[in-house]
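Biologist: Please take me through the assignments in this structure, and give the reasoning behind each one.

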Amino acid sequence: IELKSGILNIFLRTGVVFTQVDLWLGLSYCDGKWNEVTVNKEGSVISATMNELREQALESSVQQLKVNSPIYVGGIPPDIQSFYRELGLEQGFGGCMKDVKFTRGAVVNLASVSSSAVRVNLDGCLSTDSAVNCRGNDSILVYRGKEQSVYESALQPFTEYLYRVVALNEGGSVSSVWTHVRTRESVPQNVPTPSRVHSINGYSIEVTWDKPAGVIGVIEKYILKAYEADGPTVPITSAELTDAGMLTGILRGLRPFTNYAVTLTACTLAGCTESLHALNISTPQEAPEDVQSPTAISFPTFLLMSWSPPKTPNGIITQYTLYMNGIPIYSGNGTKYVVKDLAVFTPHQFLLTACTLAGCTNSSGVTLFTAQLPPSHVDAPVLTVLDSRTIHVQWKEPVEINGILDRYIIYMATNEQNFTKWNVIYNSTELFLDFTIPQLFPGTEYLIKLAACTGGGCSISKASVAVTDESTPEGVPAPKAQSYASDSFNISWTKPEYPNGIITSYGLYMDGVLLQNSSQLSCYAYGLAPWSLHSFRVQACTAKGCALGPLVEARTMEAAPEGMVDVFTTVDGSKEVQLKWLAPKKPNGKLTYTVLVTGLFYADQ
């Protein structure tokens, strides 16, 4: 326990744990009266009390306090002071003590239990002039007048002053008690440049400095700042050190292999001041960070590998090492490498190591594939005719896929197009192994082939052949009947729109009677009467049955009428004759009549 410069200091060390309590008193005890001081330790709380002032601190590690040695009050004998140099001991206590207690209980009589006493009255003494002896009679007049307040300026920073007021009149005077007050600190001046900077590693440095001279006040904290050399004026990182008794600090958050300028800032409650100059330091190299995984351009049998420098190299990259499946395949300063003689679409594990002089760092592993190719061989599909309009297609997965199977495609051509035009009738990523082709034409030959595709392309099988079942023809056309003579027809027709099989025969009906049954597409009918009306219909047949086309009618050409025209006349008067006649026996066409008259005609004069 030490009373120095108006501060009651408590230092407590139990084992390796050190605790300090500072109670600010100023000159409040200089009032000529007794002052009671109490120091108490309860659990982890250590407190100091003087009169009505109190301060406490928490012990970082609670330990029981055991006293097993002599107790010295007011000082330490000279022969053991060398063992306690860290306390900064000065001249011992001089004055009066009484009523000393070490624990709850009886008061200890120091006069009877003490072994020695120097410059102290142990039984208590009270000097009436002790208040004067505290400071001396050096007070000066600050104000004289009738006001009840005064503003005093031009005082020294962080200095304690005692004030008292004397009220007087013609009858006498009365004085107040002394009141102490301390002015505030000033901002530190002339903060020195750090004296030494030492690199702990690439990310932190240890900075040492000297205590600023001429600081008026209590230094609350120091701030270390690191600026990137030739960089922005904003510090890269900083550290606040609230233990102002420490003149060494650690500055973290730096980047390896970087030049920094380090400054010191000292702060009081009034403000902070940064050193005008900085101490330069270069952080050492460290192992790289953020090493990027390699990438590749894939080919069927080789990989073109490449990689980028680490995002945070932390130094000069001295070497890259590329591993494939755990085996190093490349070491050097390059950023590209070709891995040859690989199988098609095969996975390989790759990892990249980047090194500086300080160490090496691995990237995360990555799996890369060689490129895909089309399947080596695709078997022709198996075709099953279900009926006259449906074919079921089945196939097998290729044995050597050479990649990831992506889709199947079915192509189809018909004899109607001479098998020259292939149409896509199925294209799906659903990797089924069959498909039913609907809405086909009966009795039609189809060529069908299958394509299997990967990311590397498609392979196409040979074509399989299937013929749908026959059915009766559909779309049998109407015949064309043309007469080039008055007694005959030339009749012709075309194939059905949908033969639905092989046409075995065509039947031509004239006036409901089968005139011809053959494979021909024409017929000649003769021996007919001129301008006679006839009906025609074509029948087409397959092995499954026959179908009739629409009915058409036509006439033979006209011929000269046959027979006589009988004429009958009737005289209706002197100027009129009425003629009547009968048609010829065989008109042989549409008749028109012409009346020829010869003789004299009556005319009005």
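Modeller: The structure is a predicted model. I begin with strand β29 (residues 382-387), which pairs with β30 in the antiparallel sense over 5 bridges.

Biologist: What makes β29 and β30 a pair?

Modeller: At least two bridges are needed between two strands. β29 and β30 have 5 bridges, so they count as paired. Within that pairing, L383 has V393 of β30 as its bridge partner. A hairpin of 2 residues joins β29 to β30.

Biologist: Which other strand is joined to β30, and by how many bridges?

Modeller: Strand β33 (residues 434-437) is joined to β30 by 4 bridges, and the two run antiparallel. One of the partnerships is that of I391 with I437 in β33.

Biologist: Why is β30 called largely enclosed?

Modeller: Strand β30 covers residues 390-394, and 4 of its 5 residues are buried, so the rest of the structure largely encloses this strand. Buried here means under 20% relative accessible area.

Biologist: Let us turn to the cysteines. How many disulfides does a search of the whole structure find?

Modeller: The search finds 4 disulfides. I shall discuss three of them, including the link between C267 and C272.

Biologist: How do you know that C267 and C272 form a disulfide?

Modeller: Their sulfur atoms are 1.9 Å apart. The cut-off is within 2.5 Å, so the pair qualifies. A disulfide is a covalent bond between the sulfur atoms of two cysteines. The link of C267 and C272 is right-handed, with 115° about the S-S bond.

Biologist: Are C267 and C272 buried or partly exposed?

Modeller: C267 has a relative accessible area of 1%, and is therefore buried. C272 has 42%, which lies between the cut-offs of 20% and 50%, so C272 is partly exposed.

Biologist: Why is the disulfide of C453 and C458 called right-handed?

Modeller: The torsion about its S-S bond is about 110°, so this disulfide is right-handed. The S to S distance between C453 and C458 is 1.9 Å. C453 is buried at a relative accessible area of 2%, whereas C458 is partly exposed at 42%.

Biologist: What makes C541 and C546 a disulfide?

Modeller: Their S to S distance is 1.9 Å, and the cut-off is within 2.5 Å, so C541 and C546 are a disulfide. This link is right-handed, with 110° about the S-S bond. C541 counts as buried at 5% relative accessibility, and C546 counts as partly exposed at 42%.

Biologist: Why is C523 not bonded to C541?

Modeller: The closest cysteine sulfur to that of C523 is in C541, and it is 15 Å away, which is too far for a bond. C523 counts as buried, because its relative accessibility of 10% is under the 20% cut-off.

Biologist: Finally, which strands form the open sheet that includes β22, and in what order?

Modeller: The sheet has 3 strands in the order β21-β22-β25, with antiparallel pairing. Its edge strands are β21 (295-298) and β25 (336-339). Neighbouring strands of this sheet are turned by 25° against each other on average, direction ignored.

Biologist: What makes β21 and β25 edge strands?

Modeller: Each of β21 and β25 pairs on one side only. β21 is joined by 4 bridges to strand β22 (residues 303-306), and these strands run antiparallel. In this pairing S298 stands opposite L303 of β22.

Conventions
Residues are numbered from 1 along each chain as its sequence is written. This is a predicted model: local features need pLDDT of at least 70, side-chain atom pairs count only at pLDDT 80 or more; totals for chains, interfaces and linings use all residues. Side-chain values use heavy atoms; hydrogens and water are left out. Buried means under 20% relative accessible area, exposed over 50%, partly exposed in between (1.4 Å probe, protein chains only). Axes are lines fitted to C-alpha atoms, for helices over the stretch in contact, and angles run from 0 to 180 degrees between N-to-C directions.
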